[in-house]
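Got your viewer open? Let's take a short walk through this model, one selection at a time.

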Amino acid sequence: MCVDWLTGCPGKGFHRIMLAVHFDQPGGPENLYLKEVAKPEPGPGEVLLKVAASALNRADVLQRWGQYSPPPGASNILGLEASGHVVTVGPGCQGPWKAGHSAMALLAGGGQAEYVTVPEGHLMPVPKGLTLIQAAAIPEAWLTAFQLLHVIGQVKAGETVLIHAGSSGVGTAAVQLARQAGAIPLVTAGSLDKIKAVEKLGAAAGFNYKEGDFSAATLEFTKGAGANVILDCVGGSYWEKNVACLALDGRWVLYGLLGGAEVHGELLSKLLTKRGSLLTSLLRSRDKKTISGMGKVLGCGACLWSPRHRGPEATWARALPQNYKAELVAAFTQQILPHFAQDEPGSLRPVVDTVFPLKQVAEAHVYMEQNKNLGKIVLEVTPVP
């Protein structure tokens, strides 16, 4: 007879039904509710995780509105990141994961449920000293920020990085990672309180986009040089100001379109004048077979990120990563995750704004759409004693 390791109760935890966030048709947060659905079973190379918490992301809101479908083969259930405990390990797994291990997971979907299956290479250990609530705020936001800065943006020490939505989950992560890389982070945010909070995390300066021109402020701060890297989740409505404050040979990294997708004007000529690069990236849609150029910024052999592989001297690694997300998770686990466990100046920390129980998922969506949060909104799925 199967025994649930969490409770010691025969059969419990191995039921074939679980609760998950669901909506019958696209629309507002009032459409969200908890529904009994089939509990997933781990396939080859997968691990079944009993979810303790899952953080909310803008992608969840867009999917609820019918504007962002999950990639092929991914769960239709919302939730791009989760933390919890390993229940079972599927056939063919070769990693260290055993039943009872605490872990956090990068997901293409499925996190806002009692259980989720995860490719073993997308799991990370929970840093020492962090709760499962805090751990749930790490995977999607921090891996996105890590990817944008190091894999796509190729940030270097001494460079200036302009981070839009600096008080968001990705923004608060990017500020800390930019500081760790020796770069100078600047942020945009919608209130003075948010700017002050992000400055405490390491931002050199912040600009209220509701009250002033962030482009002019960036040029003033940099004495006319502009930002070497711009992390942009806004898109269309910011394009002209972004190009205006982009440094010569700068990299504008686009990863969202909260301000729309349309561009009206001479984008190409202005970008060409700056010799600028417009780079785009999405993390969720990358599948397990993606071949990338991550070898340029991940070290050879183990394919781990190393500063010595950035810049003109960067070369392809001996073996290009065949699984983009797994290689990204491995690099992050090796190079960044240890810095969460250090209780000293300069250590990294996830910023959690508010915790909602899973049954209040609709209220959590309303809160996100009101742009009230500083850092991550977390859903507590299974309270941990």
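Start by selecting Thr-144, which sits in helix H3, residues 139-152. Keep in mind that you're looking at a predicted model. Is Thr-144 buried or exposed? Its relative accessibility is 7%, and the cut-off for buried is under 20%, so Thr-144 counts as buried. Now show its neighbours: leaving out residues up to four places away in sequence, Thr-144 touches Pro-139, Val-170, Tyr-255 and Leu-283.

**Next stop: the pocket**

Hang on to Tyr-255, and add Arg-58, Cys-233, Gly-256 and Leu-258 to the selection. Of the 45 residues that line the largest pocket, these five lie nearest its centre. The volume of that pocket comes to about 1,200 Å³.

Which helix gives the largest share of the lining? That's H3, with five residues. To see who else chips in, colour these elements, each of which supplies at least two lining residues, as H3 does:

- helix H1 (58-64) and helix H4 (169-180)
- strand S9 (184-189)
- helix H10 (361-369) and strand S15 (376-380)

Try colouring the lining by class as well: you should get 22 nonpolar, 16 polar and seven charged residues. Then switch to colouring by domain. Domain 1 (17-140 + 327-380) and domain 2 (153-280) each put at least three residues into the lining.

**On to H4**

Val-170, one of the Thr-144 contacts, takes you to H4, so select 169-180. Put a distance between the first and last C-alpha of H4: it spans 17 Å over twelve residues, close to the 16 Å expected at 1.5 Å a residue.

How many of the twelve residues of H4 are buried? Ten are, which leaves the helix mostly covered. The buried ones include Gly-169, Val-170, Gly-171 and Thr-172, and the list also has Gln-176, Leu-177 and Ala-178. To see what covers them, show H3, strand S8 (160-163), S9, helix H5 (192-201), strand S11 (227-232) and S15, since the buried residues of H4 pack against these elements.

Step just past the end of H4 and click Gly-182, which has a positive phi of about 85 degrees.

**Zoom out**

Finally, bring the whole chain back. You have ten helices and 15 strands on screen. Of the 385 residues, 54% count as buried. And if you draw the contacts between residues at least 6 apart in sequence, 67% of them join residues at least 24 apart.

Definitions and conventions. Residues numbered from 1 in each chain as written. Predicted model: local features only at pLDDT ≥ 70, side-chain atom pairs only at ≥ 80, totals over all residues. Heavy atoms only, no water. Helix = DSSP H or I, 4+ residues; strand = E, 2+ residues; numbered from the N terminus. Buried < 20%, exposed > 50% of the residue type's maximum accessible area, 1.4 Å probe, protein only. Contact = heavy atoms within 4.5 Å. 1 Å grid on protein atoms, 1.4 Å probe; cavity = no way out; pocket = protein on both sides within 12 Å on 5 of 7 lines; lining within 4 Å. Points joined across faces, edges and corners; volume = space filled by probe spheres on them. Nonpolar A, V, L, I, M, F, W, Y, C, P; charged D, E, K, R; others polar. Domains from an automatic or database assignment. Expected span 1.5 Å × (residues − 1).
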